[in-house]
Amino acid sequence: METEISSGIPLGAYTLPGRVSDPRAAIEQAVAAQRLGLRTLWLSERWGTKDLGVLTGALGQVTSTVRIASGITHFQSRHPALMASLAMTAQALTDGRFVLGVGRSVDAMWDAVGLPRSTNASIVDYADIVRRLCRGEKVRYDGPAGRYPSLRLNDRPDQPVPPLVFAAIGPKGLTLAGRHFDGVLLHPFLTPAAVARSVRVVREAERSAGRPAGSVRVYATVVVACDLSDAEELEVVGARAVTYYQIPGFGERLSAVNEWDLEPLERLRSHPLLAGTRGSADSVLTREQLVAVASVLPREWIDEAAAVGSAGNCHEVFERYREAGADELVLHGSTPDQLGPLFPTTGRPPRMQ
């Protein structure tokens, strides 16, 4: 039975958040996710220890009900036939429980590794190619997504095309998701008000594209630290926040969506531990160093855009995201085996008063 809060919103969670050296912890976390009745288990792919295909295969075999989702991978990281093959193999191994979540990332990353940058046109066309291959069609294509003279999956399971979810922050990405994808994954550290504004953009794009109302599922990512000490809370929430806010351009986008002042970003980035840091801070700093940097963040950036404190307070925050229009919450920061305080022994969250 899937877990919902009293308002009826399903809950999911991330496995292996952040930087990890041993992916085997995901097995126990997946078992915990199913035991708690979570709807979806999300994996943020990173090269080295968090390969989407390998982990999806493993997690699918220790679960039977929870959905396994990429949150996220990227189209240009795999040839479209390989991406479609991964998706349909995952569908076969999980009996149709796979969700393919993709994103754009930043241009500097693709320049550094020698892969093409994403454009709106390439993203839309790549999604169409993957869907067609998953349906068993033969694809000939020459356009923004590349040149593919003849593509086909020779063998495909009797499973549906997995839902395609697009990770978005700004209005262009949200519109893209509303027009062309089955769902949208909203970024961590959006306030409920920012989620409400994002939902309106998605629903308008959905409507203008002639799609049925509510056909695009909105996943709101909420960083959660329930019943932890102040130090533990800062380690879970603050350290995760630093990895997003310190990236030039990315932090500005999050602040803009939340309608926050930019001055705290300047303070954060001037911290001595971030001097010379490029890319994601958690790829070069230890957890202790991230916590030290996080201490300069405004407290309201935590209180307004994360779920912290008692279980009751966390569920009140969840309710605000539901009221903002989210269809499902994706709990982040704390892994499924750490979410016990949110749930009574029945395996379901307490009802809101």
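How many of the five residues of β1 are buried? Five of its five, so start there in this predicted model, where buried means under 20% relative accessible area.

**Stop 1: strand β1**

Select residues 11–15, which make up β1. The strand is mostly covered. Look along it and check the side chains. L11, A13 and T15 point one way. G12 and Y14 point the other way. Both groups are buried.

Now bring in a partner. Add residues 328–332, strand β11. Three bridges join β11 to β1, and the two strands run parallel. Pick G12 and look across to β11: V330 stands opposite.

Next, add residues 40–43, strand β2. β2 also runs parallel to β1, with four bridges joining them. Pick A13 in β1 and find L41, its bridge partner in β2.

Then show residues 25–36, helix α1. Together, β1, α1 and β2 make a right-handed β-α-β unit.

**Stop 2: a ring pair between β1 and β2**

Keep β1 and β2 on screen. Show the side chains of Y14 and W42. A search of the whole structure finds nine aromatic pairs. Y14 and W42 form a tilted one, at 6.5 Å centre to centre with 40° between the planes. The pair links distant parts of the chain: Y14 sits in β1 and W42 in β2, 28 residues apart. Y14 and W42 are both buried.

**Stop 3: more rings**

Select Y141 and Y148. This aromatic pair is stacked, with 6.3 Å between the centres and 25° between the planes. Are these two tyrosines buried or exposed? Y141 has a relative accessible area of 16%, so Y141 is buried. Y148 counts as buried because its relative accessibility is 12%.

Next, select F189, Y244, Y245, W260 and W301 together. Ring pairs link these five residues into a cluster.

Finish this stop with a charge over a ring. Show R131 and F181. R131 lies over the face of F181, at 5.9 Å from the ring centre.

**Stop 4: strand β7 and its partners**

Select residues 164–168, strand β7. Why is β7 described as largely enclosed by the rest of the structure? Because four of its five residues are buried.

Add residues 98–102, strand β4. Three bridges join β4 to β7, and these strands run parallel. Pick V102 and find F166, its bridge partner in β7.

Now add residues 183–186, strand β8. Four bridges join β8 to β7, again in a parallel arrangement. Pick V165 in β7: its bridge partner in β8 is G183. To follow the chain between these two strands, show residues 171–180, helix α6. The chain crosses from β7 through α6 to β8, and this β-α-β crossover is right-handed.

**Stop 5: the second largest pocket**

Select P17, V236, R287, G333 and Q338. Of the 24 residues that line the second largest pocket, these lie nearest its centre. The pocket has a volume of about 460 Å³.

Which elements give two or more residues to the lining? They are α1, α8 (230–245) and α11 (287–294). Color each helix separately. α8 supplies the largest share of the lining, five residues. α1 is also the helix of the β-α-β unit at the first stop.

Key. Residues numbered from 1 in each chain as written. Predicted model: local features only at pLDDT ≥ 70, side-chain atom pairs only at ≥ 80, totals over all residues. Heavy atoms only, no water. Phe/Tyr/Trp six-rings, centres within 6.5 Å; stacked < 30°, edge-to-face > 60°. Buried < 20%, exposed > 50% of the residue type's maximum accessible area, 1.4 Å probe, protein only. Lys NZ or Arg CZ within 6 Å of the ring centre and 35° of its normal. Pairing = 2+ DSSP bridges. Right-handed = clockwise from strand over helix to strand, strands pointing away. 1 Å grid on protein atoms, 1.4 Å probe; cavity = no way out; pocket = protein on both sides within 12 Å on 5 of 7 lines; lining within 4 Å. Points joined across faces, edges and corners; volume = space filled by probe spheres on them.
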